Amino acid sequence: MRTLTGCEALREALREEMRRDKTVFCLGEDIGVYGGAFGVTRGLLDAFGPERVLDTPISEAGFTGVAIGAALAGSRPVVEIMFMDFILLAFDQLANMAAKSRYVFGPHAACPLVIRTPGGGGRGYGPTHSQSLEALFAHIPGLKIVAPSTPADAKTLLKAAIRDDNPVLFVEHKLLYSLRGEVPARASSRVERLGKARVVRKGRDVTIVAWSWMTELARRAARDLAEAGVDAEVVDLRTLSPLDSETVMTSVARTGRLLIVEEGCRTGGFAAEIGFQAFESVFDRLDAPIRRVTCPDVPISASPVLEQAALPSQTAIAAAAAALMTDEI
Amino acid sequence: MRGLDECHAYRLMLTIRCFEEKVEALFARGLIHGTAHAAIGQEAAAAGACLALRRGRDYVTSTHRGHGHCLACGGDARRIMAELFGKETGYSRGRGGSQLMADFSLGFLGSNGITGGGIPVATGAALSFKLRRARRVALCFFGDGAANQGVFHEALNMAALWNLPVVYMCENNRYAMSMPVERAMAVSGIAERAPGYGMPGLTVDGNDLDAVYRAVTAAAQRARRGEGPTLIECRTYRLSGHSRGDPRCYRTREEEAQWRRRDPIPAYRARLRERGLLSADEDRRLRREARDIVRDAVAFAKRSPAPDPATLEQGVYA
Ligand SMILES: Cc1ncc(C[n+]2csc(CCOP(=O)(O)OP(=O)(O)O)c2C)c(N)n1
Ligand SMILES: [Mg+2]
């Protein structure tokens, strides 16, 4: 099968959706001639022209709000926020307008909008260019959140996000852009619905739940664990909202052990939500306390030494899963 | 010029240039990581503005392109370089990197990774000066791109309304990353917006150190007299790429060559030579000094220790 990088896969999704649906257009900073800070929109300006690949001034609050207006009026905007950290400037527009319009104004006020944004660390970009903020958004009803971990998912889920009638926050991990993976060549006519997790590795002993780049790390850790005789099951959430609790809990009920991996900070993180849901629904099936590996409650430093110390690592994940095997309730 | 030590100003520009060129070279050689934005071509704006302030008393907020601003405020090249190397001896002890360093003892309130983020902060520093009846001034560097953030509007409105001692110093270098100014705003310049807020606005040649110095001196005096904020737009050009790995596909090599002919440093050198303020020997000496400062900074950064991971969780709260 053909392989693509995450970046190429996302670009292909944008291309196909823009070709299929004339109401889809992209807007954001430096997405035209420059092709986006990470190159995702490269070539789209030539293919679709400046009205559908719209370079904006540096006005995140403004152009996110503009995209919401366009969505309410019948377009399907795909916004690029250059770094996830900058989405905080547009938080109000997303939380107070986009997320609430369908509920408050009714079925005619759907807001079919996608916010694509690179999240996560690992590149030495420092405190304001490395954050994983999806947990903040998971707290807002009305927003969907997608965070793919493979090029294939990046493509199919972005297509699904664009076709979805809700505002969707689409988190693209910076390390996904250069990750290579198999992506079917033929544009599948079947488009997924958002909200399905995927078991990326079957296992009997412990369930590791992750999303975005943490899934890739969990998968690698699972290989190490296998060598140590621990058979880990890795569940990739793929979407945080809606959350596929069923797939997660079915797995946990079977393995009896749950480890959640989150790149974002610990307190108030999304791992806490999953852990508590497990407590609510499969408590009697747990053989060990729930564990999580997260970033501690600190900003991400520019210094590679501190950045690596803060971010969850393959070894930390493997160690936590191994420790779960000897934990008892 | 009154109050200005021209040779010092010239050496400062040389130091900034030398520093930024070294940063680009270190990135190219993979010796520093992450990202950094060089201000090559914009030295006159940084130096002219900061030299017009009272060091340590007045405050300066900076941008993502802040190494030069920090040096111009009297910042230590060693600690800036060490920060770029992510070392414990850096201004932010490796926590901030290129876009987040500060030296409060010099009134340098910090560079900022969020475009436009410093604009309200400088305004707030000015508010504090006013409330404390201090005859001090806050100067806010920001780019042409930052002028399109919502906070620009909100902050300038408050500054004019409350008559705050702040100088808004826009470095219009023609581009925000790949976005030319004329595609980002419908008016022909940032200073044109000043009357809309009820403050004076002026445009100066940002590649002419003396012109910048004069404009900021006047604006700072005005602010100290309690007459309120001023918006100054410096027309300049970033001769370097936006950041590491910028292919510069959004502008022509001819345009760059044209601006290279207006490079602020040779122009200033010629002016000082013409006025008899700088001999050939002195020029050589100043250039050597600038190179030495940067070479020493790199050596310092290289031999400095990395932060201790055991300290990771310290210092989040006061
Ligand atoms: C809120 C926010 N949006 C976008 C960026 C990415 N970014 C960094 S610098 C820059 C261009 C800034 O242009 P300008 O203000 O003109 O300053 P210059 O780079 O020209 O010095 C952009 C888009 C950012 N750092 N913060
Ligand atoms: Mg600019």
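This is a short walk through a predicted model, one selection at a time.

**Stop 1: the ligand**

Start by selecting ligand 1 and showing what is around it. The shell has 22 residues, and the closest include Thr115(B), Gly143(B) and Gly145(B), along with Ala146(B) and Ala176(B). Now colour by chain. Both A and B contribute residues around ligand 1, so this site is shared between the chains. Recolour by residue class and the shell splits into 9 nonpolar, 8 polar and 5 charged residues.

**Stop 2: where the chains meet**

Stay with the two chains and bring up their contacts. On one side you should pick up 29 residues of chain A, and on the other 34 residues of chain B. For the chain A side, select helices 60-72 (α3) and 304-310 (α10), the elements that give two or more residues each to the face touching chain B. Of these, α10(A) gives the most, with 5 residues. Sorted by class, that face of chain A holds 16 nonpolar, 8 polar and 5 charged residues.

**Stop 3: the two domains of chain A**

Hide chain B for a moment. Give residues 3-182 of chain A one colour and residues 198-326 another: these are domain 1 and domain 2. Their centres, taken over C-alpha atoms, are 26 Å apart. Where they touch, 28 residues of domain 1 of chain A are in contact with 24 residues of domain 2 of chain A.

Which elements of domain 1 of chain A supply at least two residues each to the side that touches domain 2 of chain A? Select α5 (134-138), β6 (144-146), α6 (151-163) and β7 (168-173) of chain A. By class, this side of domain 1 of chain A is made of 14 nonpolar, 11 polar and 3 charged residues.

**Stop 4: backbone oddities in chain A**

Zoom in on Ser241(A) and Pro242(A). The peptide bond running from the serine to the proline is cis, with omega near -5°. To get your bearings, Pro242(A) is in the loop between β12 (239-241) and α8 (245-255) of chain A.

Next, jump to Asp30(A), which has a positive phi of about 60° despite not being a glycine. You will find Asp30(A) in the loop that runs between β2 (24-28) and α2 (44-48) of chain A. Is Asp30(A) buried or exposed? Asp30(A) counts as buried, because 22 C-beta neighbours lie inside 10 Å.

**Stop 5: over to chain B**

Bring chain B back and select Asn163(B), another non-glycine residue with a positive phi of about 60°. Asn163(B) lies in a loop too, the one between α6 (150-161) and β3 (166-172) of chain B. Its surroundings put Asn163(B) in the partly exposed class, because 16 other C-beta atoms are within 10 Å.

**Stop 6: a covered helix**

Finish on helix α4 of chain B, residues 77-84, which is mostly covered: 8 of its 8 residues are buried. The buried set includes Arg78(B), Arg79(B) and Glu83(B), as well as Ile80(B), Met81(B) and Leu84(B). To see what covers them, show α1 (6-28), α3 (67-72) and α12 (280-303) of chain B, against which the buried residues of α4(B) pack. Then step just past the end of α4(B) to Gly86(B), where phi is positive at about 70°.

Note on methods
Residues numbered from 1 in each chain as written. Chains lettered and ligands numbered in written order. Predicted model: local features only at pLDDT ≥ 70, side-chain atom pairs only at ≥ 80, totals over all residues. Near = placed C-beta within 6 Å. Nonpolar A, V, L, I, M, F, W, Y, C, P; charged D, E, K, R; others polar. Domains from an automatic or database assignment. Contact = placed C-beta atoms within 7 Å. Helix = DSSP H or I, 4+ residues; strand = E, 2+ residues; numbered from the N terminus. Buried ≥ 20, exposed ≤ 12 C-beta atoms within 10 Å, placed from the backbone.
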